[in-house]
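Reader: I'm new to this one, so could you pick a single part and take me through it slowly? I'd like to see how that part fits with what surrounds it.

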Amino acid sequence: MIRRNSLVQNYLSRNFSLHLIYIILPFLLLTACISRVTDQIEEEPYDPFIYVNGSLKQGETLAQALQSRGVGYSVFTPLLNQLNEIYNLRRCQPADSFSVKIDTLNVIHQLTYFPIRDRITSYAVLRNDEGGYFTRIDTLQTEKVLRKV
């Protein structure tokens, strides 16, 4: 009787550990998969700015285009005056594009103008940390490569 009892206990202990492995193994696999999925999900940083982009239509000025897209006249007028110092706004053409970066308090942080005829130059008015504005002209660096055919 003792021998038979020890055989039953031995059998149960082996089956118990086997059942325990069958319970723990899926749990471990599931947690590993969940941690991999959460590692792969990257949270995009919060951007508190509103971006207004557009292009000029036939007969439209930059001021009219900004106003038609909901940017307040009193907000963009000082920036247009500064932009006019580095680019003659009377030379604006249809299909010229612009981009405005506005915060939630309706303060413009950046106004960039992209003339269609000069595709490698952009003209920008940016806000500095003190609340003033400065201008910047960005030119795309180009390199001419001649290849013998």
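Author: Let's start at Thr121, which counts as buried because its relative accessibility is 9%, and the cut-off for buried is under 20%. Keep in mind that this is a predicted model. You'll find Thr121 in strand 4. Leaving aside residues up to four places away in sequence, Thr121 touches Pro115, Ile137, Asp138 and Thr139.

Now look at the strand itself. Strand 4 covers residues 121–127, and it pairs with strand 5, residues 133–139, in the antiparallel sense. Seven bridges join the two. To get your bearings, find Ala124: it stands opposite Arg136 in strand 5. Between the strands of this hairpin there are five residues, and Gly131 takes a positive phi near 100 degrees there.

Back to Arg136, as there's something else to see. Its side chain meets that of Asp138 in a salt bridge, at 3.1 Å from N to O. As a general point, side chains of opposite charge can pair when their charged atoms come close. The structure holds one salt bridge, and this pair makes it. How buried or exposed is Arg136? It counts as partly exposed, because its relative accessibility is 36%. Asp138 also counts as partly exposed, with a relative accessibility of 30%. Asp138 is one of the residues that Thr121 touches, too.

The hairpin has another neighbor worth a look. Strand 4 and strand 5 are among the elements that cover the buried residues of helix 3, and so are helix 2 (62–68) and strand 3 (108–114). Those buried residues are Val75, Phe76, Leu79, Leu80 and Leu83. Why might such a spacing turn up in a helix? An α-helix has 3.6 residues a turn, so residues three or four places apart point the same way. Helix 3 itself runs over residues 73–86, and its 14 residues reach 20 Å from the first C-alpha to the last, close to the 20 Å expected.

Now step back to the whole protein. It has three helices and five strands, and from the N terminus on they run α-β-α-α-β-β-β-β. Of its 149 residues, 22% count as buried, and Thr121 is buried at 9% relative accessibility. Among contacts with a separation of 6 or more, 46% are between residues 24 or more positions apart. As for the outside, the protein exposes about 11,800 Å², with carbon and sulfur atoms supplying 56% of it.

Methods:
Residues numbered from 1 in each chain as written. Predicted model: local features only at pLDDT ≥ 70, side-chain atom pairs only at ≥ 80, totals over all residues. Heavy atoms only, no water. Pairing = 2+ DSSP bridges. Helix = DSSP H or I, 4+ residues; strand = E, 2+ residues; numbered from the N terminus. Salt bridge = Lys/Arg side-chain N within 4 Å of Asp/Glu carboxyl O. Buried < 20%, exposed > 50% of the residue type's maximum accessible area, 1.4 Å probe, protein only. Expected span 1.5 Å × (residues − 1). Contact = heavy atoms within 4.5 Å. Areas by Shrake-Rupley, 256 points an atom, 1.4 Å probe, with all protein chains shown as cover.
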